[in-house]
Amino acid sequence: MTSTDLPFPGLHSGIERVPRLAEDQPAQTGKDFTSDQEVRWCPGCGDYAVLKAVQSFLPDLGLRRENIVFISGIGCSSRFPYYLDTYGMHSIHGRAPAIATGIATAREDLSVWVVTGDGDALSIGGNHLIHALRRNINMTILLFNNRIYGLTKGQYSPTSEPGKVTKSTPVGSIDHPFNPVSLALGAEGSFVARTIDSDRKHLTGVLSAAAAHRGTSFVEIYQNCPIFNDGAFDAVKGRDTEDAIIPLVHGEPIRFGKDGGKGLIRDAAGGGVKIAEVAEVGEESLLVHDAYQPDPSTAFAISRLTDAGHLHQAPIGIFRQVERPTYDDQARAQVTTAEALVDQAREAQLASLITGSDTWTVV
C-alpha cells in the first residue's frame, strides 16, 4: 500500500481550546506518553503497533498531558489507558462513548479519546456509539477491529464473517456482520476513516486528521489477533495487496491495482459505485474522491465494497470529513445563555424593588 498525505484542515481545530505546552517547555517525546505499566497483550498482537503509533503521535499535538483523556470499555484494546501517561479511565462494557460524552461536555479544555473494539463498540455498546456519532461530540473514537472476541478467548463478534467457526459458533456463524464504516456513515458521522495497524505512516496520518477534526472522529483500525483470528486481514496486509487496497485521497481519482489499472466508477444500474478497468472506461470516468461532500451517499457506497465481512477489496483512508455543529459546544452555549437570562431576571427584580411604589418608613 502506498501511504499518502491526508487532509489536515488548519491547526488542530478539533483541539483548539485545549491548553498547549508553554513555549519555554521542552518538546515532548513518545517516552513522555509511555506509562510505567507492563504492556500485556499476546505476542504479535496488532495492539502493540497501534499503541506505539499513538505514543509517538501524541507529542505532535503539543498539548499538556494533563489535558488528554483516554476512555476505554472492555476488551483487549481497552487496556490502552494503562499504557499511556495521560489521564484515562478503563470503564465498563460498551459505555466508553457515554462516559466520554459527559467528559467532553463538561470540559472543553480536554482532548477526549475513546479506545474500543468490534465487540465492545458494536455489540453491547452499539447504541452508545451511534448516538455519539449523530450528536457529533468532540471526541476521537478508535475502533480496533480484529473480527473476533479476543479477551474472552475466541467467540465470534459483530464483524465476524458469515460461516465463521468459533467456540460459540461450532458449525459456523449465521449472523450478518456489521460494516463499521457503513454504520458510522449511516449514523451521520462527520469524520469517518479506516486504516491498518501495520501501516505506521498511514495510521499516523489518519490519527492526525482525526485529532484536527472538530466533532466526533471515528477511525476503524484493522488489527490482527494472532491467537484467535490470525490472518483475518491477509488480503490487505500481505505482500501483494495491489488489487485489495483501494486508497482514498481527497481530490484524486480513486484508482488502484497494478500501475493504477483499476478504478471506481458510478454504477448507473445499481446506484452505487463499482470497480472497472481504467483502460476500458477511460480516466475521465473515474470517481474523484470528495471527503468534504456533505451528502454521505457516495462515501457509503464506497464503504459497501467491503461486503458482508468478506474482505476482497478494502477502501482505506478518510471516507468523510465535514463540518457541522457539535453537541457539547451547543450544550455549553445553552448553559451560558440560561445563566445570562437568570442574571438579567435578578437585575430586573432588584431594579423593580428599588424603584417600585411600595415604601416603608422605619422608626
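Which classes of residue make up the lining of the second largest pocket, and how many of each? Hold that thought, everyone, while I cover the basics.

This is a predicted model, where local features need pLDDT of at least 70, side-chain atom pairs count only at pLDDT 80 or more, and totals for chains, interfaces and linings use all residues. Residues are numbered from 1 along each chain as its sequence is written, and side-chain values use heavy atoms, with hydrogens and water left out.

Back to the pocket. By pocket I mean an open set of points on a 1 Å grid over the protein atoms alone, where a 1.4 Å probe fits, with protein on both sides within 12 Å along at least five of seven lines; lining residues have an atom within 4 Å of a point. The second largest one holds about 210 Å³, a volume being the space filled by probe spheres set on the points. Its lining has 18 residues, and Ile74, Gly75, Cys76, Tyr149 and Gly150 are the closest to the centre. Now the tally: six nonpolar, nine polar and three charged, with Gly counted as polar. Helix H3, residues 118-124, gives the most, three residues; helices here are DSSP runs of H or I, at least four residues, and strands are runs of E, at least two.

Next, Met89, which sits in strand S2, residues 87-90. Met89 counts as partly exposed because its relative accessibility is 40%, between buried (under 20%) and exposed (over 50%), using a 1.4 Å probe and protein chains only. Beyond its neighbours within four places in sequence, Met89 is in contact (heavy atoms within 4.5 Å) with Phe70, Ile71, Ser72, Pro81 and Ile99.
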